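Colleague: Please take a close look at one part of this model, the largest pocket, and describe what lines it. After that, go on to the charged pairs.

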Amino acid sequence: MNWVDIYRQRVTTAERAVTDIRSGDRVWVHPGCNTPTRLIDAMVARAPELENVEVAHILAVAPAPYVAPGMEGHFRHRSLFVGENVREAVNAGRADFVPIHLHEIPILISRGLMPIDVALIHISPPDEHGFCSSGVGIEGTKAAVENARTSIALVN
């Protein structure tokens, strides 16, 4: 089977894709302008069926509904950079801040100090060779994808 057939078999809805997220998982979110908002919204819609899911990222440039009041017990955010979208939750104690240098994040992930179960990423469509681009946001995302049990990509 060639990569095109494999790719076509794996294309699904955001709602179906996030069913691979389990209670107790740590979920990496592709940061910056690559934040996969449709996947985040689909994950948060599953809040009633999920417990203790940790959401980690550097700086998601998008709303962070997983830190909203009422999400406690379902989601907990581990902020590696406190952006405007999670600052209030960190200050209120609904999210955690881990001060770390950017270059240390891939080490934290690849050495298993912060294992990633599921990586939510945003990529380009594959080219004729099957290669995709993750855009400008690769920082800790490459390590997350390489070490996660599951990677779920929003292809734009």
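Modeller: This is a predicted model, and the description starts with the parts of the chain around the pocket. Five elements each supply at least two residues of the lining of the largest pocket: helix H1 (3–10), helix H2 (14–17), helix H3 (37–45), strand S5 (118–123) and strand S6 (150–155). Strand S6 gives the largest share of that lining, with six residues.

The space in the largest pocket comes to about 720 Å³. Its lining is made up of 26 residues, and those closest to the centre of the pocket are Tyr 7, Arg 10, Val 11, Ala 153 and Val 155. By type, the lining holds 16 nonpolar, six polar and four charged residues. As for the way such a space is found, rolling a probe the size of a water molecule over the atoms shows where empty space is left.

Tyr 7 deserves a second look. This residue is placed in helix H1, and it is among the residues closest to the centre of the largest pocket. Is Tyr 7 buried or exposed, or does it fall in between? Its relative accessibility is 30%, so Tyr 7 counts as partly exposed, because that class covers the values between under 20% for buried and over 50% for exposed. Tyr 7 also belongs to a nonpolar patch on the surface, together with Trp 3, Val 11 and Val 155. The accessible area of these four residues together is about 320 Å². Val 11 and Val 155 therefore appear in two lists: the nonpolar patch and the residues closest to the centre of the pocket.

Now to the charged pairs. Side chains of opposite charge can pair when their charged atoms come close. The whole structure has eight salt bridges. One of them joins the side chains of Arg 76 and Asp 96, with 2.7 Å from N to O. This pair links distant parts of the chain, with Arg 76 in strand S3 (residues 75–79) and Asp 96 in strand S4, 20 residues apart. Strand S4 itself covers residues 95–97. Arg 76 has a relative accessible area of 31% and is partly exposed, and Asp 96, at 35%, is partly exposed too. Another residue of the chain, Phe 75, is 21 residues from Asp 96, and the C-alpha atoms of Phe 75 and Asp 96 are separated by 11 Å.

A second salt bridge is made by the side chains of Lys 142 and Glu 146, at 2.7 Å from N to O. Here both residues sit in helix H6 (residues 141–147), and they are four residues apart, about one turn of the helix. Lys 142 is partly exposed at 46% relative accessible area, whereas Glu 146 is exposed at 53%.

In a further salt bridge, the side chains of Glu 49 and Arg 46 meet at 3.1 Å, N to O. Which of these two partners is buried, and which is exposed? Glu 49 is exposed, because its relative accessible area is 53% and exposed means over 50%. Arg 46 has 11% relative accessibility and so counts as buried, since buried means under 20%.

Salt bridges can also be joined in a group: Arg 26, Glu 54 and Arg 78 are linked in a network of them.

Technical notes: Residues numbered from 1 in each chain as written. Predicted model: local features only at pLDDT ≥ 70, side-chain atom pairs only at ≥ 80, totals over all residues. Heavy atoms only, no water. 1 Å grid on protein atoms, 1.4 Å probe; cavity = no way out; pocket = protein on both sides within 12 Å on 5 of 7 lines; lining within 4 Å. Points joined across faces, edges and corners; volume = space filled by probe spheres on them. Nonpolar A, V, L, I, M, F, W, Y, C, P; charged D, E, K, R; others polar. Patch = residues over 30% accessible without salt bridge, like charges linked within 9 Å, V, L, I, M, F, W, Y side chains within 5 Å. Areas by Shrake-Rupley, 256 points an atom, 1.4 Å probe, with all protein chains shown as cover. Buried < 20%, exposed > 50% of the residue type's maximum accessible area, 1.4 Å probe, protein only.
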